[in-house]
Amino acid sequence: MPASVLELWQPSYAASSQDSVDAKPLGSISTSARFNRLAWGYANPSRPKGLLAAGLENGELGIWDAEKVLAASSEVDAQVIKNTTHTGPVRGLDFNPLQPNLLSSGAIAGEIFIWDLNSPAKPYSPGARSQKLDEITSLAWNCQVPHVLATSSSSGYTVVWDLKGKHKVVALQYGGGAGTAGGSLGFNAAGALAAGGRRGMSAVAWHPDTPTRLVTASKDDSSPVIMLWDLRNSRAPEKIMTGHDKGVLSLSWCKQDADLLLSCGKDNRSICWNPQTCEIVGELPSSSNWSFEVQWSPRNPGMLATASFDGKIGIHSLQSTNAPETEAPAVQQLSDGSDFFNQASAPETVSKGLSLKQPPKWLRRPVSAVFGFGGQLVSSGGPSSKPFTPTVHLRDLVSEPSIVERATKLQQALDAQSLAEFCAERSQDPTTCPDDIANWKALQTLFRADSRDELVALLGFSKEDVAQKVSQSIAAFKSNGVTAAGEETTPVAKVLEEPQSSKPAATEEAAVSDADVTAAAEPVEPATEAAPEAEAKDANEPSLFGDDAAGPGANDGSDFFSQISAGQTPAARSALPSHLLSESQLPIHSSAAATAGPPGPSSVASENIRPSTFKIYPSEESEGDKLITHALVLGDFESTVSLCINSDRFADAFLLAVRGGEELLAKAQKAYFEKRTAQLPYLRLFQSIVSDDLTDVVQNADLSEWQEIFVVLCTFAKQDEFSNLTEQLGQRLEFQYTVARNSDATQAKEHRKNAVLCYLAAGKLEKVAGMWIDEMKEEELSLHTLQRK
């Protein structure tokens, strides 16, 4: 009777479990000895189905024509070669993937033969027989170099041969030590590695892409490890994979994905590894006996097969479409462990396939693409000399030539540092939207040294015009003479009707508000002549109102945008270009110049009109004046200032407070504003300017005069406050825009345009972009409405 049978099957992957049981092989061959190893290869025109090679237990090497086996030819007709050169069981067998006519075989006592199937009469030897090899358990051809062969042996050595030179290249052996361990290192494995000694090797497989790397497996139950070697450093394995509980019997490295390695062993497990990370990425259901063989499909990498000693061949898919697996009822275990062999066997379960933690390379996205800002297309993958080579491509796709042209001009302006000229060109371009012209002009001012003056002029305010009207006002005042307060204001009001008159009106009112004090009225004109000198002195002294003029100490030298890029959150600062953030001093406020400076004669003329002698307490002096004089003699400036304030003599109070210090001057200012603001409305604005409380103007002034508010900020706001204040003004205008959007579209549009201008001046470009986006959405909505009509 035949000892064993070789059968050829054609699996039906769509068939049910019962159909698989009823299936029959397409062909079969009977042999007199047990099969140890099978190999199928060398398809050629004369034998289109290839050759089947088998290594038998009796040392025989048998080769059959697969086509004749399928055609049910006789064993004599189907067999091509029957050779008994080997002296013992043949356990190693492999076709050369690069030269398919070459077949290698290995048996006991280190016997290795190379067969040329074109002339198989006499086998070739790879070289002198190695003393390190005993029984050959596995052999494998290099996937890149056709004349390199690796053989593993039960002696614990794996020898690599160079068949062209007919010599041994290296002998790999590991008994514990260096190496990068991976997986779960069990107790037995750890002990074996530490104890040293040779462990029998059961399998060897080459890296599919790198010709100097290979893996070997140990069949020893005390050290069931898989070792990854690099022949460039062959003293110890590069990595060690541990996960099997008993010896490993077979290895198979996926040709299409080097990150997938299959192994099976005596623990009935079939495991899929990532040899690069030594991680278990998948595992097949366990068999009921040892799994001794595992192979990837050479044509379809999504399929793999396993063989086990329970007499079953399992075919598995990486893309399982099986029905959900139902849990089998648990088998009752006997507490005493008796009568083990009489227990019912567990029911068979249909394989649920192999589920991987990582996608195989042939299922990964071969190419990817995404559009970036500026019309750029970023793509990866594509044709390459090597599969799955990571390549990234950047391409420019022009779908809107006009936008590309404008972007090119902007980039050129950035490179040439000519953004001001670019903004001027855009503001004069006839194709620019009329509402955008003001925005371009506002942006243009940001790149000039006198940006605030430019912003003031953009709103229609002219310093020359204001100066001319002030001259007319003074001339009209002088022509009418010193009359009653009501008569004075009549000609002045006629000249200063427009909003620009707020500054000269405030100046003149401050000059004549205390005209009732005759003693202080006479030297007013000479004192005015000495004002430039007093201002020059005050420029080098601290401000009397506690807000030092901007100087080297006021500006820390850091740019706003550099702080943002460094991840800091600075206080509100100007968003203007860096050349506007110089350390030059700001102009001295007129309010400070009018009250600052050391006491002294205001002019030579005032000296000449004084008598040579005088009395400190003249007889005609009132009791109140005497009290003031007495306090002045004692240096009690606080009392003198209080007396002057109570008698509404504010001019005297200010002159005395200058000598009393900043705190006393601030007290006099506060009292003056509290009493006179209701009578003279312009003092509300002047109070905010003097006390550096421009937030009051921004938050409380009527928005119908937003331009005046903006000009006040340009004139008086400090460098580090300007951005924050103009942003607040923009927020108020934006709020009015949201309120009026549903009721008055025209007014809302005007508020939005004004808010954009304020945000541009503040450098808050993200808010400008947001409002422009809203504007574009409204335009698109109006276009859709027109299209529907």
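1. In this note, two residues are said to be in contact when their heavy atoms lie within 4.5 Å. The structure under discussion is a predicted model, and the points below should be read with that in mind.

2. The contact between helix H7 and helix H26 may be taken up at once. Asp-435, Ala-438, Asn-439, Ala-442 and Leu-443 on the H7 side meet Lys-749, Lys-753, Val-756, Leu-757 and Leu-760 on the H26 side. Sorted by character, the residues of this contact comprise six nonpolar, one polar and three charged.

3. As to the geometry of this pair, helix H7 covers residues 434–445 and helix H26 covers residues 745–762, and the two pack with their axes 9 Å apart at an angle of about 15°. Angles under 35 degrees count as roughly parallel, and H7 and H26 are therefore described as roughly parallel to each other. The crossing in which H7 passes H26 is right-handed.

4. For the protein as a whole, the model contains 27 helices and 28 strands. Of its 789 residues, 41% count as buried. Among contacts with a separation of 6 or more, 50% are made by residues that stand 24 or more positions apart.

5. Helix H24, which spans residues 706–716, deserves a point of its own, because eight of its eleven residues are buried and the helix is thus largely enclosed by the rest of the structure. The buried residues of H24 are Trp-706, Ile-709, Phe-710, Val-711, Val-712, Leu-713, Cys-714 and Phe-716.

6. Turning to the strands, one open sheet of three strands follows the order S23-S24-S25, and its pairing is antiparallel. Strand S23 (291–296) and strand S25 (312–317) form the edges, and because each has a single partner strand, one side of each is left without a neighbour in the sheet. On average, and with direction ignored, neighbouring strands of this sheet are turned by 20° against each other. Strand S24, residues 303–308, is joined to S25 by six bridges, the two running antiparallel, and within this part of the sheet Leu-304 stands opposite His-316 in S25.

7. A further open sheet of three strands has the order S26-S27-S28, again with antiparallel pairing. Here the edge strands are S26 (367–372) and S28 (392–396), each of which pairs on one side only. The average turn between neighbouring strands of this sheet, direction ignored, is 20°. Six bridges connect S26 with strand S27 (residues 376–381) in the antiparallel sense, and Val-367 is placed opposite Gly-381 in S27.

8. Two backbone details are worth inspecting in the model. Most residues other than glycine have a negative phi. Ala-72, although not a glycine, has a positive phi of about 65°; Ala-72 is placed in the loop between helix H2 (66–70) and helix H3 (75–78), and is exposed, with a relative accessible area of 67%.

9. The other case is Ala-109, a residue other than glycine whose phi is positive, near 60°. Ala-109 is found in the loop that lies between strand S8 (102–106) and strand S9 (112–116). With a relative accessible area of 37%, Ala-109 is partly exposed.

How values were computed: Residues numbered from 1 in each chain as written. Predicted model: local features only at pLDDT ≥ 70, side-chain atom pairs only at ≥ 80, totals over all residues. Heavy atoms only, no water. Pairing = 2+ DSSP bridges. Helix = DSSP H or I, 4+ residues; strand = E, 2+ residues; numbered from the N terminus. Axes fitted to C-alpha atoms, helices over the stretch in contact; angles between N-to-C directions. Parallel < 35°, antiparallel > 145°, perpendicular 65-115°, else oblique. Left-handed = near helix turned anticlockwise from the far one by under 90°. Nonpolar A, V, L, I, M, F, W, Y, C, P; charged D, E, K, R; others polar. Buried < 20%, exposed > 50% of the residue type's maximum accessible area, 1.4 Å probe, protein only.
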